[in-house]
Each structure stands twice: as C-alpha cells, then as structure tokens.
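Thanks for making time this morning. I have one structure to go through, and I will take it from the overall layout down to single residues.

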Amino acid sequence: MARKKKDPPAHVETKTFTVKKCPYCYTYVAVKEMRCEACGKRVGAVDSSGWARKVFDWRAYLGAIVAIATFLIFYWWAFLSK
Ligand SMILES: [Zn+2]
C-alpha cells in the first residue's frame with residue numbers, strides 16, 4: 001500500500017476517494033488499482049459517486065476500425081480507382 005509509483009498516469013483522478021466500486025462485481029477496490037482483484041476485469045478511474053469507470057477497450061475498436069478501413073481501401077482500389 002505504501003509503495004509509490006514513480007509516475008502515475010495523468011488521467012487518473014483520485015479526488016478524495018480511497019476505494020472505488022467495481023462496476024462488474026460491486027466489490028470495493030483501492031482507487032489506484034487498475035484491475036479488480038475479485039473479478040479480474042480492468043477498471044478505470046473513480047468517478048464522482050465512487051464507482052470505477054469502465055475501461056474503454058481501445059484495442060478491440062482499433063482492430064475493427066483497421067479491418068473496416070482496409071476493406072474500404074481495397075474496395076476503392078478494386079472498383080473505383082480506374
Ligand atoms: Zn470486479
């Protein structure tokens with residue numbers, strides 16, 4: 001608990017909370033924890049009502065966007081570029 005991280009992420013807002021509530025299993029976890037120990041899911045910063053924010057899964061969305069973009073580029077190249 002007492003161990004400090006050298007450079008905490010700038011987007012983490014701790015405010016006055018010491019614990020936050022996991023939105024998946026309703027267990028309290030420490031504010032600085034980025035993963036719920038009870039259910040193993042990633043949790044974000046605490047919000048104003050004491051709940052942990054759900055973490056946006058950028059990698060999944062990025063993969064989908066890249067796949068769609070690749071398809072559109074292929075479509076354009078194959079049918080529209082002549
Ligand atoms: Zn949980």
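I will start with the fold, then cover the core, the last two strands, the loops and the helix.

First, a caution: this is a predicted model. The secondary structure comes to four strands and one helix, and along the sequence the order is β-β-β-β-α. The protein has 82 residues, and 9% of them count as buried. As for contacts between residues at least 6 apart in sequence, 31% join residues at least 24 apart.

Now the core. Which residues make up the largest nonpolar core? There are six: Cys 22, Val 29, Cys 36, Val 43, Val 46 and Ala 52. I will take two of these in detail.

Val 43 sits in strand β3. Val 43 counts as buried because it has 23 C-beta neighbours inside 10 Å, and the cut-off for buried is 20 or more. Leaving out neighbours within four places in sequence, Val 43 is in contact with Cys 22, Val 29, Met 34, Arg 35, Cys 36, Ala 52 and Val 55. For Val 43 and Val 29, which are 14 residues apart along the chain, the C-alpha separation is 9.4 Å.

The other one is Ala 52. Not counting residues up to four places away in sequence, Ala 52 touches Lys 20, Lys 21, Cys 22, Pro 23, Val 29, Val 43, Gly 44 and Val 46. The contact with Val 46 has a counterpart in the strand pairing: Val 46 has Ala 52 in β4 as its bridge partner.

That brings me to β3 and β4. The two strands run antiparallel and are joined by two bridges. They form a hairpin with five residues between the strands, and in this hairpin Gly 50 has a positive phi near 95°. Ser 48 is also in the loop between β3 and β4. Is Ser 48 buried or exposed? Ser 48 is exposed, because 8 other C-beta atoms lie within 10 Å, and 12 or fewer is the cut-off for exposed. In space, the C-alpha of Ser 48 is 8.9 Å from that of Phe 17, and the two residues are 31 apart in sequence.

Next to Ala 52 in the numbering is Arg 53, which belongs to strand β4, residues 52-54. Arg 53 has 13 C-beta neighbours inside 10 Å, so it counts as partly exposed. Apart from neighbours within four places in sequence, the contacts of Arg 53 are Gly 44, Ala 45 and Asp 47. Between Arg 53 and Lys 21 the C-alpha separation is 8.9 Å, with their positions 32 residues apart along the chain.

Two more loop residues. Tyr 26 is in the loop between β1, residues 19-21, and β2, residues 28-30. The phi of Tyr 26 is positive, near 65°, and the residue is not a glycine. As background, most residues other than glycine have a negative phi. Tyr 26 is exposed, since 11 other C-beta atoms lie within 10 Å.

Glu 37 is in the loop between β2 and β3. Glu 37 has 11 C-beta neighbours inside 10 Å and therefore counts as exposed. The C-alpha atoms of Glu 37 and Thr 27 are 8.8 Å apart, and the residues are ten apart along the chain.

Last, the helix. How many of the 23 residues of α1 are buried? The number is zero, so α1 lies largely in the open. On geometry, helix α1 covers residues 58-80, and at 1.5 Å a residue its 23 residues should span 33 Å. The end C-alpha atoms are 31 Å apart, which agrees with that expectation.

To recap: there is a nonpolar core of six residues, an antiparallel pairing of β3 with β4, and a helix α1 that lies largely in the open. That is all I have.

Terms used: Residues numbered from 1 in each chain as written. Predicted model: local features only at pLDDT ≥ 70, side-chain atom pairs only at ≥ 80, totals over all residues. Core = buried A, V, L, I, M, F, W, Y, C linked by C-beta atoms within 7 Å. Contact = placed C-beta atoms within 7 Å. Expected span 1.5 Å × (residues − 1). Pairing = 2+ DSSP bridges.
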